[in-house]
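Subject: Structure for your review

Dear colleague,

Please find below the structure that I would like to hand over to you. I should be grateful if you would read the notes after it with the model open.

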Amino acid sequence: MRRSSVLIGALATASLLFSATSSALSYRLSETVQSSGTTGSKPIKFHEELNLGDTLAARMQALETLRLESVAMESESKLVLGVDVNEAANATEKAETQAVALDSVRLDITMNDGSVYNLTEFSTLTKALLATGKNGAETRQDYYTLLGSTGSNAITGSVFKDKFDSTLSIPVPENIDFNNAVDVTLHIDFLDVNSKLGDPELFYDYTNGFEDLALLDDADARYLDNAAKGVILNGDDPSQEPIPAGAPMVISLRDQQTPYVEWIGYPSSTGYYLVGYEDLYPSLGDYDFNDLTVAYRVEVGLDLNSQVTQIRGEAILVTRGAEYTHDWHLRLGINSGNGKITESLYQPEAYEFGVRGAQVGTTTTRNFNNASQIDLRGFADTKALFPAPEGCKFTNTPLCDSYVQGPKYIFNITFNSPIDFASLSPAPFDPYLYVRDTDYEIHLIGESLAAQRTQMGYEKSQNADTGNTTFADENGFPFGMMLASPWMPTVEGWSMEVSYPDFTPYVETRGNSQKDWYKRPDSTKVHPSDRFTWRW
Amino acid sequence: MKRLLVVLLSSFLLACGGGGGGVETTTYVASDPAPTTDTSTDTSTDTSPTTIDVPEDFDFSNFHTVSVDFTVPGGLVGQIDYKIAGEWDGQVQDLYIGRGYANQQRTVDINVPTTIDSVRIEYMAFDKNSGTAQVSIDEVSI
């Protein structure tokens, strides 16, 4: 599949025609589309925009020059805006693909003779089927969307090509000459989607504070249209096969077919597994499973042949009720594969609209060749990474008034050649702990030791040398346990059976009764969910 | 059946935490010396032993893997996207997002909490030529 540039044909002729008229430039606007309620709406007044010119006449001349250029180059009278999609990279939105949906766009033009035009037609190059407000999934209909990414692979030296993502075109009647306009005001309303429906609504919701805008000349607009940021990762390089960015359910209106990737979320694209550990292994612990508690999820990307092309995921530290310090790992079996692992670590940082990540160190990238296992060390030295708040001995386990949100680890594995889905080890994979103080690995019941630790550059554990290769105690009780949300951490020292009274019948009936035991804690022995929210 | 005996902590043994000098035996749980800053809970009222009979090979996972078989409805036209979603923890959880064609048969393995007994499959089709959108939703027991 190859991409072709938009409107390559006839451009040479058109540019000759246009050069006789004037030369257009792109303009970054000083105003942004900012939040108004949930959808974002703030008028953009071109007639007052200093970046377009010092005087009204200069500003209107700039608009008219851009309009005439589009007539000359594309035989369409229009203005093209560039939008820097600037959404929070959480939930299903990632740094490499994020989006908003457009409810309405209106360009109001007042001419010097008092006549007024209200232009409500607009278009972008992508759509999605979405439900609005509190409507259900069955009411979905198509809306134009804007996709983008954080940062840019290409450094072209042009702020318009590098910073901005998607284009928004507004047809302008040919009889309108902006030189005769006195007021040109743009209104953009983002769609208020029902994000409770998950994707695609969750992906296209409007969550952040502002989206930067630019008025684009034809060259910059065509560059962004071909780059398809947020849709493909490498659109800046037409010589390469396009790599899908992972946006869900994009309807591309481009002529050429866009690549696509399917996603399976473990346990879902927005939910998390919770895993708790007892770190005194092989000795018994207090069974509160809060020595380290980690939330994590994994998403597997498949091509249209159902082969795995990519695995991505994230993890968050929830509790650390331990004197020991640990490394937390996630191990995936793949039989054999070559590829690249990209990893980043973030500490939470409060900001106006919630919590975002402040990166710790830099993103690391490493290759793997003929690997049968991928052993990711998500968190190294948990005691240093996740210290107790002031006045508390441990982190989020004593009944202190202080709770802290833990660091977040993000990984992305891309395979040079797709691997068989069947070769991937089954969910929930192998989340395991390495206790630095004792040199023991602690896995879920049934998992084996991480045999390739030293090959991956990690410390050798003493499990094999001491014969500690299984992970249930003599009574059949685990040292690591999978838990489901809304499980909340137990208060320090209370065993699971006491803090969750239905846990015992759940286990004793082999899980055939009280399956939702974690929904009914003894509220005096678990941390309150209304005061402690670990996810961010 | 194996049997686990856990003796609850008395108040002076509170706040065991993880490693770091704990005293352990195979029959009851002891702890670090009681810390001075985090002992706000009161465990002194219940020090009786409790027991759990642990079934052989019980995996404690609270999740299970389920195969979902489905056929994309034949009446849909154009680009057809679909997703499988479950609901737990008070929110819709997207398990699988895919793209296919009318009458396509698919099987997808999902890994969900054992409390979930059904999932929804939502189909979304859009025909670029006519600008027509179609939506179809199935509820599937698992």
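The notes below concern strand pairing in chain A and the contact between chain A and chain B. Please bear in mind that this is a predicted model.

Strand 4 of chain A, residues 98-111, has several pairing partners. With strand 9 of chain A (residues 181-190) it forms nine antiparallel bridges, and within that pairing A:Val105 is bridged to A:Ile188. Strand 7 of chain A (residues 141-148) is also antiparallel to strand 4 of chain A, through four bridges; here A:Ala99 faces A:Leu147. Four further bridges, again antiparallel, link strand 4 of chain A to strand 5 of chain A, residues 116-119, where A:Thr110 is opposite A:Val116. The hairpin of these two strands has four residues between them, and A:Gly114 adopts a positive phi near 90 degrees there.

Turning to the interface, 78 residues of chain A contact 64 residues of chain B. Several elements of chain A each provide at least two residues to this side, including strand 6 (126-130), strand 7, helix 8 (496-499) and helix 9 (503-508). The largest contribution, five residues, comes from strand 12 of chain A. By type, the residues on the side of chain A that touches chain B are 38 nonpolar, 20 polar and 20 charged.

Strand 12 of chain A also pairs across the two chains: two bridges connect it, in the antiparallel sense, to strand 5 of chain B, residues 91-100. In this pairing, A:Trp263 stands opposite B:Ile97.

Yours sincerely

Notes: Residues numbered from 1 in each chain as written. Chains lettered and ligands numbered in written order. Predicted model: local features only at pLDDT ≥ 70, side-chain atom pairs only at ≥ 80, totals over all residues. Pairing = 2+ DSSP bridges. Contact = placed C-beta atoms within 7 Å. Nonpolar A, V, L, I, M, F, W, Y, C, P; charged D, E, K, R; others polar.
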